[in-house]
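This report walks through one protein chain, from a few individual side chains to the packing of its helices. Please keep the sequence and the model at hand while reading.

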Amino acid sequence: MTGEDPRQRGDSARDRSAAPAAGEHPLVLVAVGTDHHAFARLIDWADGYALNRPDVRVLVQHGASAAPFAAEGTAYFERGGLAAAMGEAAAVVTHGGPATIVEARDAGHLPIAVARDPELREHVDDHQLRFVGRLEEAGLVRSCSSYQQFCATLDKALAQPEDFRLQHTSSAGTTAAAHRAGRLIDLLIGASDPQPHRPLPRPSEKAGWPAVTAIVPTRDRPDLLRQTLEHIREQDYPGTVRTLVVFDGTDPDRSLERGGGRPVRVLANTAAPGLAGARNTGILAAETELVAFCDDDDLWLPGKLRAQAAVLRAEPETELVCCGIRVAYDGTESDRVLHRSTVGFADLLRSRLTELHSSTFLLRRDALLSGCGTVDEEIPGGYGEDYELLLRLARRAPIRNVSEPLVRVLWHRRSYFDGRWQTIATALRWLLTAYPEFRLVPRGYARIAGQVAFAEAAAGRRGAAMEWSAAAL
């Protein structure tokens, strides 16, 4: 809980010694969240309510957002943290994050939820609005979309507290609440996903195939890179296929450039060093409707682009299409194919679904630039950036999948993550923080926690490994 003493501010806040003692007036807790998305609107609403209700104490947990104004009538305290504040509060207001909503319900409150709105630039997409809407339909929260509604709902919560208290709470704490919420999120998210075996459209010979740009990040793999480019050129795709080779941390090899019907252009990574920055350099430089990813050691097999683009041609609402892979390792090859045509957000919370390899991605470029955002360059070490992008895109629309092995993926000992166990552990912890929905799906949370435990053990951090093993159990 991050509330500052108003005596340290230069505003008009009343001195703590003059504030009413705890218990004299009802307490409203406003949990704004601690991630990197600021929420000034909810801070302003809390300040306005405190200013107009001097008989109510308002405690704001503001995290990464700017501190509240601490207007006359607002009181702060620091004992016991957020859980203690929820226990004492007469009413709890939360942002649209699942973890905070679960904590409030675990404390016996029916949360008053205010979701971040992407149209007000409070978030990158509308998943919080949709999530809170589903929860309200199920009677799990009361949502507010305006300041007037916010004030009226708080007034009702203080006047009729029995309507905002839960009948049954668990003494097992947040862990038990997360298990209960796991079943809820399966219902709320999973039920909205289309049928996993919805048929895919068949490739058509009609004109109008969209142009595709293949983005190939590379570093110190010249022989493998040339094989990758050759297989891209040989795709039996009726439309234009352009290739952008993005050199990351090395001098671009201009000898790879060529013109003609399958042009190749060479670029240097101008974004953050690493795979995410290299892909973003390509995304920004591309000028086609569709973009595709391919690592410099993977090979597109015949029919890959045609089968995937057929789906995007027929389904304007679809933003990403994947396919199966053929894994090559130590002289052997094996197919890994996901036998379903549709994948939803809940599916990816439960499982990584490694069949959805980044070298299979065919995306609408606008879905990245004007939708969920480009590849995240802030993930520690860039580990798992493809999985994070899958999660972000699946929040917006179901992912479609061609259940055929159409990309050959090479596994070898030159992996850039080989031995970087501490980086892997840090990145996985980052993922759990960035996606609190994992706490609502016990199977998915246990999977990530177990991976953290393994990485910590491999890094020689016995204590951390034991702690995360316990979390996985």
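## His 109 and its surroundings

A polar atom of the side chain of His 109 lies 2.7 Å from the backbone oxygen of Met 86. The model is a predicted one, and the distances and areas given here are computed from it. The side chain of His 109 is also joined to the side chain of Arg 165, by a polar contact of 3.1 Å. His 109 belongs to the loop that runs between helix H3 (98-106) and strand S4 (112-113), and this residue is buried, with a relative accessible area of 0%. When its neighbours within four places in sequence are left aside, His 109 is in contact with Met 86, Ala 89, Ala 90, Ala 91, Val 92, Ala 104, Phe 164, Arg 165 and Leu 166.

Helix H3, on one side of this loop, is mostly covered, since 7 of its 9 residues are buried. The buried residues in H3 are Pro 98, Ala 99, Thr 100, Ile 101, Val 102, Ala 104 and Asp 106, and Ala 104 also appears among the contacts of His 109. After H3 comes Gly 108, which has a positive phi near 95°.

## The chain as a whole

The chain holds 15 helices and 15 strands, and of its 473 residues 52% count as buried. Among the contacts in the chain with a separation of 6 or more, 73% are accounted for by residues 24 or more positions apart.

## Helix H8

How much of helix H8 is buried? In this helix, 8 of the 11 residues are buried, so H8 is largely enclosed by the rest of the structure. The residues concerned are Ala 276, Gly 277, Ala 278, Arg 279, Asn 280, Thr 281, Gly 282 and Ile 283. What encloses them includes both strands and helices: the buried residues of H8 pack against strand S6 (212-218), strand S7 (241-247), strand S8 (264-268), strand S9 (290-293), H11 and H12.

Two residues of H8 can be followed individually. Asn 280, placed in helix H8 (residues 275-285), is buried with a relative accessible area of 3%, and apart from its neighbours within four places in sequence it is in contact with Thr 374, Val 375 and Glu 377. Thr 281, which also lies in helix H8, is buried with a relative accessible area of 7%. Not counting residues up to four places away in sequence, Thr 281 touches Val 246, Leu 267, Ala 268, Asn 269, Thr 270 and Ala 271. For one of these partners a backbone distance is available: the C-alpha atoms of Thr 281 and Ala 271, which are 10 residues apart along the chain, are separated by 6.1 Å.

## Helices H11 and H12

How are the two helices H11 and H12 oriented to each other? The axes of helix H11 (residues 365-372) and helix H12 (residues 385-396) come within 12 Å and cross at roughly 80°, and H11 and H12 are therefore roughly perpendicular to each other. At their contact, Ala 367, Leu 368, Gly 371 and Cys 372 of H11 meet Leu 389, Arg 392, Leu 393 and Arg 396 of H12. The residues of this contact of H11 with H12 divide into 5 nonpolar, 1 polar and 2 charged.

## Leu 432 in helix H13

Leu 432, found in helix H13 (residues 421-434), is buried with a relative accessible area of 8%. Leaving aside its neighbours within four places in sequence, Leu 432 is in contact with Phe 438, Tyr 445, Ile 448 and Trp 468. The C-alpha atoms of Leu 432 and Tyr 445, 13 residues apart along the chain, are separated by 7.7 Å.

## Cysteines

How many disulfides does the model contain? The count comes to 0 disulfides, where a disulfide requires a pair of cysteine sulfur atoms within 2.5 Å. For Cys 144, the closest cysteine sulfur is that of Cys 151, at 9.0 Å, which is too far for a bond. Cys 322 is likewise in no disulfide, the nearest cysteine sulfur, that of Cys 323, being 7.4 Å away.

The table gives the burial of these two cysteines.

| Residue | Relative accessible area |
|---|---|
| Cys 144, buried | 6% |
| Cys 322, buried | 0% |

Technical notes. Residues are numbered from 1 along each chain as its sequence is written. This is a predicted model: local features need pLDDT of at least 70, side-chain atom pairs count only at pLDDT 80 or more; totals for chains, interfaces and linings use all residues. Side-chain values use heavy atoms; hydrogens and water are left out. Axes are lines fitted to C-alpha atoms, for helices over the stretch in contact, and angles run from 0 to 180 degrees between N-to-C directions. Helices (H or I, at least four residues) and strands (E, at least two) are DSSP runs, numbered from the N terminus. Angles under 35 degrees count as roughly parallel, over 145 as roughly antiparallel, 65 to 115 as roughly perpendicular and the rest as oblique. Contact means heavy atoms within 4.5 Å. Ala, Val, Leu, Ile, Met, Phe, Trp, Tyr, Cys and Pro count as nonpolar, Asp, Glu, Lys and Arg as charged, and the others, Gly among them, as polar. Buried means under 20% relative accessible area, exposed over 50%, partly exposed in between (1.4 Å probe, protein chains only). A polar contact is a pair of N or O atoms within 3.5 Å; within protein, one must be able to donate a hydrogen and the other to accept it, and residues adjacent in sequence count only if both atoms are side-chain atoms.
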